[in-house]
Amino acid sequence: MKIGMPGDAAAVDRTVEIDMVETDDGEMLFKGGDLDFKEGETVRFVVRNEGELDHEFILDSQKKNAAHKNEMADMSGMNMGHNEPNRIRLAPGEDAEIIWTFANNGTFEAACLIPGHYESGMFREVSVTH
């Protein structure tokens, strides 16, 4: 993947905490740490679903996230349990970790691609520099 690869827990450079939440006015957000990284940096993402709905945390390019978002919309109603090295789906109250090494510089994205969640604000830019 252009964004990187699964990282080694023994090589983590820093930890970033992400809380997935819904607001009273209907927004869905990733709250938490800075998403600016250095090429080659290994990061432990501690992801918590503090909301009342299932949410996903997916690291990928904006283009791949958009394509996958369309696929998920076409399959709405199906339970697509995503637990791959760059993505995790969590039920309310659950938490998990993703350990990731960023391989290339560029602008990427963290997103929740469950239908309607991205549109409600559940995405953030991820920047990787040399």
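Begin by selecting D54, which has a relative accessible area of 32% and is therefore partly exposed. The model on display is a predicted one, and each stop below names the residues to select and describes what is found there.

**First stop: D54 and R89**

Keep D54 selected and add R89. The two side chains meet in a salt bridge, with 3.8 Å from N to O. D54 belongs to the loop between β5 and β6, whereas R89 sits in strand β8 (residues 87-90), so the contact ties together parts that are 35 residues apart in sequence. Is R89 buried or exposed? With a relative accessibility of 18%, R89 counts as buried, because the cut-off for that class is under 20%. The partner D54, at 32%, is partly exposed.

**Second stop: E84 and R87**

Next, select E84 and R87. Their side chains also form a salt bridge, at 3.7 Å from N to O. The acidic residue, E84, is partly exposed, with a relative accessible area of 43%. R87, by contrast, is buried, at 8% relative accessibility.

**Third stop: E17 and R48**

Move now to E17 and R48. Which elements of the chain does this pair link? E17 lies in strand β2 (residues 14-22) and R48 in strand β5 (residues 42-49); the two residues are 31 residues apart and the pair links distant parts of the chain. The salt bridge between their side chains is 2.9 Å from N to O. E17 has a relative accessible area of 43% and is partly exposed.

Extend the selection to D19 and E50. Together with E17 and R48, these residues are linked in a network of salt bridges. Side chains of opposite charge can pair when their charged atoms come close. Over the structure, the count of salt bridges comes to 7.

**Fourth stop: the aromatic rings**

Clear the charged residues and turn to the aromatic side chains. How many aromatic pairs does a search of the whole structure find? The search finds 6. One of the pairs is F30 with F57: the ring centres are 5.4 Å apart, the planes make an angle of 80 degrees, and the arrangement is edge-to-face. This pair links distant parts of the chain, since F30 is in strand β3 (residues 28-32) and F57 in strand β6 (residues 55-60), 27 residues apart. Both rings belong to buried residues: the relative accessible area is 5% for F30 and 0% for F57.

Then select F37 and F45. With ring centres 5.7 Å apart and planes at 75 degrees, this pair is likewise edge-to-face, because planes over 60 degrees apart fall in that class. F37 is buried, with a relative accessible area of 2%, and F45 counts as buried at 0% relative accessibility.

To view these rings in context, add F102 to the selection. F30, F37, F45, F57 and F102 form one aromatic cluster.

**Last stop: E119**

Finally, select E119, in the loop between β10 (106-111) and β11 (123-129). Is E119 buried or exposed? Its relative accessibility is 53%, so E119 counts as exposed; the cut-off for that class is over 50%. Add M28 to finish the tour. E119 and M28 are 91 residues apart along the chain, and their C-alpha atoms are separated by 8.6 Å.

Conventions
Residues are numbered from 1 along each chain as its sequence is written. This is a predicted model: local features need pLDDT of at least 70, side-chain atom pairs count only at pLDDT 80 or more; totals for chains, interfaces and linings use all residues. Side-chain values use heavy atoms; hydrogens and water are left out. Helices (H or I, at least four residues) and strands (E, at least two) are DSSP runs, numbered from the N terminus. Buried means under 20% relative accessible area, exposed over 50%, partly exposed in between (1.4 Å probe, protein chains only). Rings of Phe, Tyr and Trp (its six-membered ring) pair if their centres lie within 6.5 Å; planes under 30 degrees apart count as stacked, over 60 as edge-to-face and the rest as tilted. A salt bridge is a side-chain nitrogen of Lys or Arg within 4 Å of a carboxyl oxygen of Asp or Glu.
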